[in-house]
Amino acid sequence: MNDQPTRLLLVDDEASLREPLADYLSRQGFLVEQASDAAKARAALLDSTPDLVLLDIMMPGEDGISLCRHLTESKDLPVIFLTARGEATDRIVGLEIGADDYVVKPFEPRELVARIRSVLRRATKAAGSVRASEALYAFDGWLLDPLKRRLTDPEGTVVPISSAEFRLLSAFLDHPRQVLDRDRLLDMVQGREAHLFDRAVDNQVSRLRRKMEADSRDPKLIQTVWGGGYRLACDVERVAPRKAEG
Amino acid sequence: MPAMHRFLPRSLLGQMLLAVALALLAAQTLSAVLIYRADHQRREAALISSLAFQLVADPRFEFRDGRRNGREGRRKVRIERALESPIHDGDLHDPEREAALRDVLIAQDVAIGELVVFSRKVTADSYVMRGRAGSLSGREGRWSLDGEVLLAGLKRAGNDEWLVARVPRPEHSTRALGGLILQTLLLYIALVGGLAFLLRRITRPLAALTERMSRFAGRADGVEPLEPSGPEDTRALIAAHNEMEARIAALLDEKDVMLGAIGHDLKTPLAALRVRIESVDDETERAKMAGTIEDITHSLDDILSLARVGHAKDPLERTDLAALVSAVVEEYEDLGEPVELGDTMRIALPLRATWMRRALRNLIDNALRYGGTAEVSLSRDNGYAAVCVTDNGPGIPEGEIAAMFEPFARGEVSRNRSTGGAGLGLTLARAIAEQHGGSLSLANRVENGRKVGLAAELRLPHGS
């Protein structure tokens, strides 16, 4: 993957956006193929399989959601939605049908690039395991829905967290009971908003503790390990979303 | 008069019932009086004819008694013969009955010499008392000791002898009157009760319609239309309401679709613009352009949100408000903005987190724009959760506070600060507070008589 340029398929009916975006992404080192509607996208997919698909939701003819279902079900291709809708419900719908991420128009092009890289990183890591990202994390009575980024406490109350906190918590949840030192944490959580995350890991950890610990001075969940780093002090289970919601 | 109004029923059911009950009361009283009077007249007639019968029929009994050789007939006790007028002092002369009896006797061709009708106490009547003492009659039951006796004395023309007839004087028929009143009351209660039942059936659809309309005003999605019921008029009203409801729902849906289209049509070119400015080499120029696009996007989002805030589709979820507040503050901290988190406490309440974040961001943006800094705190106050956003800016002249909530209103902005935002920020924040059943208020912070900034307080009901 490092040798070959990443191939993207960009599907959007608006040429005024599609063309400059394709140019921009090419300049960032991606190999970009364009399609102006779902039919053309399907045709392009017959010729070659891209590494990732950028998909507009609102398109004339077959819409992005329907095409996304096809892509994720039959090809297991990573998909990022480009959406003009802002309402939370629409975002969640996009993720529930199998998209890996979304950006809301007008997005910052750099952010889009960061997200493309992040999704690809996850996709290569999770290759083979079918959409592991859908399962919820269950730990010590808490639930984290990685798609909706929704954290609920043991009583079922939603505890809003920022995206930096979400990534930090995900890192802990993927490595329960392991000691993670600051460098490793920083490395794992450096994602799309890396430039936002140059604050000390300790700061983020203390924020998380404020939200999740009964007494943040005597943390039970995220413990400080003497001499270097932190550790999630409980076991983590992955549960199917349906079961957890019902 | 106004005091009277308080006791009058307000509902349709109450007023109709009251009107009908009053009319019914009048009608029944009238008929009860008529019945009572007819009954009274019947009794009087019976009384008079009883006296007349005794007086007229008496000679024949006398004759028979004679034939039976001194055996005293039962009816003899009624008739007394006297040579003197039977009326004494202390007797109550009854001229009305006397006139009535006279008419009857004349109709029977009795030649009246003298006629008196009067009443006296049973105990004062020696003839009756004697009869009782000697058990002359099995009918002493007729003469109750505390009752009165009605006597009629007749002296026929050309005759010296008085014939005296007696009947128990009817008591003032209170028992009959009582029975009548009881009967009337029972009938009244039955009628009013039945009517109340019927009227309830008629007005119930109206109550259902009212409830439905207030629910619809609160935007209850996905409820089946109300089934028309009740009288024809009510059915027509419900049908018309259903039609209107469907139309309003269609309009709202249309509005949503239209807003979605507007959002899409404006945001796509903005996105294109945002991509294109990446090729601008001058970094400060590019940052300014990006800032402008961000401002436009922000305004657009505010406008679209304001149009949708009244009928948000996402559900309320029990959410930790403190975590939400600090998550929003942290976003600003991460961007290096001077926003600080003050005192907070854990308060969980049902929220639409996306909306609440937006309201908070708008308040913080406002504080940053006009005050330079912002401090956000959360406290519990009397059943409410209060999020307070304060700044150290110049505040607002007292008279203009209300105007700040008007769409597109803005405080006097200093010229060199960012003027982003369409001035919808506070309007939207207040609409979001109201969407959650809360409120938003602005107040100047005053210390030592000097304005030291502005405080925006967002209060949310913290039910149980």
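Colleague: How many residues does each chain bring to the contact between chain A and chain B?

Modeller: In this predicted model, the contact draws 30 residues from chain A and 33 residues from chain B. On the side of chain A that touches chain B, at least two residues each come from helix 1 (15-27), helix 4 (88-96) and helix 8 (201-212) of chain A. Helix 1 of chain A gives the largest share of that side, 5 residues. By residue class, the side of chain A that touches chain B consists of 16 nonpolar, 6 polar and 8 charged residues.

Colleague: What confidence does the predictor attach to chain A, given as mean pLDDT?

Modeller: The mean pLDDT of chain A is 80, with 83% of its residues at 70 or more. Residues 192-197 of chain A have a pLDDT below 50, and this stretch makes 11 contacts in the model beyond near neighbours in sequence.

Colleague: Let us turn to an annotated site. Which feature does UniProt place at Asp56(A)?

Modeller: The UniProt record, an unreviewed entry, places "modified residue: 4-aspartylphosphate" at Asp56(A). In the model, Asp56(A) belongs to strand 3 (residues 52-56) of chain A.

Colleague: Is Asp56(A) buried or exposed, and why?

Modeller: A residue is classed as buried if 20 or more other C-beta atoms lie within 10 Å of its own. Asp56(A) has 26 C-beta neighbours inside 10 Å and therefore counts as buried. Leaving aside residues up to four places away in sequence, Asp56(A) touches Val11(A), Asp12(A), Asp13(A), Gly64(A) and Leu82(A).

Colleague: How should one read unusual backbone geometry, and where is Pro106(A) found?

Modeller: The general expectation is that most peptide bonds are trans, and that most residues other than glycine have a negative phi. Here, the peptide bond from Lys105(A) to Pro106(A) is cis, with omega near -5°. Pro106(A) sits in the loop that links strand 5 (101-104) and helix 5 (109-125) of chain A.

Colleague: Which sign does phi have at Asp109(B), and which at Asn448(B)?

Modeller: Asp109(B), although not a glycine, has a positive phi of about 65°. This residue, Asp109(B), lies in the loop between helix 3 (95-107) and strand 3 (112-121) of chain B. For Asn448(B), likewise a residue other than glycine, phi is positive and near 50°. Asn448(B) is placed in the loop between strand 11 (439-447) and strand 12 (450-461) of chain B.

Colleague: Why is Asp109(B) classed as exposed, and why Asn448(B)?

Modeller: The cut-off for an exposed residue is 12 or fewer other C-beta atoms within 10 Å. Asp109(B) has 7 such atoms and is therefore exposed. Asn448(B) has 5 other C-beta atoms within 10 Å, so Asn448(B) is also exposed.

Colleague: How many helices and strands does chain B have?

Modeller: Chain B has 10 helices and 12 strands. Of its 464 residues, 24% are buried. Among contacts in chain B with a separation of 6 or more, 69% join residues 24 or more positions apart.

Colleague: How is a pair of packed helices described, and at what angle do helix 9 and helix 10 of chain B cross?

Modeller: The description of two packed helices uses the angle between their axes and the distance between the axes. The axes of helix 9 (residues 353-371) and helix 10 (residues 425-435) of chain B come within 9 Å and cross at roughly 145°. The crossing of helix 9 of chain B with helix 10 of chain B is left-handed. Contributors to the contact include Trp355(B), Met356(B) and Leu363(B) of helix 9 of chain B, and Leu426(B), Leu428(B) and Ile432(B) of helix 10 of chain B. The residues of this contact between helix 9 and helix 10 of chain B comprise 9 nonpolar, 4 polar and 2 charged.

Definitions and conventions
Residues are numbered from 1 along each chain as its sequence is written. Chains are lettered from A and ligands numbered from 1 in the order in which they are written. This is a predicted model: local features need pLDDT of at least 70, side-chain atom pairs count only at pLDDT 80 or more; totals for chains, interfaces and linings use all residues. Helices (H or I, at least four residues) and strands (E, at least two) are DSSP runs, numbered from the N terminus. Two residues are in contact if their C-beta atoms, placed from the backbone, lie within 7 Å. Ala, Val, Leu, Ile, Met, Phe, Trp, Tyr, Cys and Pro count as nonpolar, Asp, Glu, Lys and Arg as charged, and the others, Gly among them, as polar. UniProt positions are given in the numbering used here, feature names are shortened, and annotations may be inferred rather than shown by experiment. Axes are lines fitted to C-alpha atoms, for helices over the stretch in contact, and angles run from 0 to 180 degrees between N-to-C directions. A crossing is left-handed if the near helix is turned anticlockwise from the far one by less than a right angle, and right-handed if clockwise. pLDDT is the predictor's confidence in each residue, from 0 to 100.
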